[in-house]
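Please open the structure in your viewer and keep the selection tool at hand. The tour proceeds by selecting a few elements in turn and noting what is found at each stop.

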Amino acid sequence: QVQLVESGGGLVQAGGSLRLSCAASGRTFSSLTVGWFRKAPGKEREFVARISWSDGNTYYADSVKGRFTISRDNTKNTVFLQMNSLKPEDTAVYYCAARDGGGSNYFLNWNYWGQGTQVTVSS
C-alpha cells in the first residue's frame, strides 16, 4: 500500500552534511507518520526522527537533536532528513519507514520500509 525509496546517502567527512530523501507513493499519506531509522553493523535498528504527514509535528532521538532536521514536501510526496555536524558514529544504513496513526520509537511498530541508503562518515 505504501512504497518508500531512499536516496542521498554517501561518504562524507566528519563535520560535514548530507540530505537524505524518502520518496513515497501508493496511497494517501494524510494519516501516516513517516520516519527514519538507522542500522549500524552488529546493532539493531534505532530510531532517528519522525514527522506526522498531516500536521508536520516532529520528534527526534536525543543523539541527533540539534544536528538533524526532518521535513516534508507535500507537493513531492517526499520526506527529507538534513544531517549536519556528522560524526563517525552516525555511520549506518538509513531506512525510511512509515506507519498508520501516531509515531513510535520502536522499529517493530512500523509497517512499511524502504531498502535503505548507506551513510558513511569518515574521521
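In what order do the four strands of the open sheet lie? Before selecting them, please note that this is a predicted model. Now select β1, β3, β8 and β7: the strands of this open sheet follow one another in exactly that order, and their pairing is antiparallel.

Next, select residues 3–7 and then residues 68–73. These are β1 and β7, the edge strands, each of which pairs on one side only. Rotate the view across the sheet: on average, neighbouring strands are turned by 20 degrees against each other, direction ignored.

Now move to the pair formed by β3 and β8. Select residues 18–25 for β3 and residues 78–83 for β8; the two strands run antiparallel and are joined by six bridges. To see one position in this pair, select L18, which stands opposite M83 in β8.

The second part of the tour concerns charged side chains. Side chains of opposite charge can pair when their charged atoms come close. How many salt bridges does a search of the whole structure find? The search finds five, and three of the pairs are visited below.

Select R38 and D90. They form a salt bridge in which the closest N and O atoms are 2.9 Å apart. R38 belongs to strand β4 (residues 32–39), whereas D90 is in the loop between β8 and β9 (92–100), so this pair ties together parts that are 52 residues apart in sequence.

Are these two residues buried or exposed? Burial here means a relative accessible area under 20%. R38 has 6% relative accessibility and therefore counts as buried; D90, at 0%, counts as buried too.

Keep D90 selected and add R67. These residues also form a salt bridge, with 2.8 Å between the closest N and O atoms. R67 lies in the loop between β6 (58–60) and β7, and D90 in the loop between β8 and β9, so the pair ties together parts 23 residues apart in sequence. Both R67 and D90 are buried.

Now add R38 and E46 to the selection. Together with R67 and D90, they are linked in a network of salt bridges.

For the last stop, select K76 and D73. Their side chains meet in a salt bridge, with a distance of 3.2 Å from N to O. K76 has a relative accessible area of 54% and is exposed, in contrast to the buried R67 and D90.

Technical notes: Residues numbered from 1 in each chain as written. Predicted model: local features only at pLDDT ≥ 70, side-chain atom pairs only at ≥ 80, totals over all residues. Heavy atoms only, no water. Pairing = 2+ DSSP bridges. Axes fitted to C-alpha atoms, helices over the stretch in contact; angles between N-to-C directions. Salt bridge = Lys/Arg side-chain N within 4 Å of Asp/Glu carboxyl O. Buried < 20%, exposed > 50% of the residue type's maximum accessible area, 1.4 Å probe, protein only.
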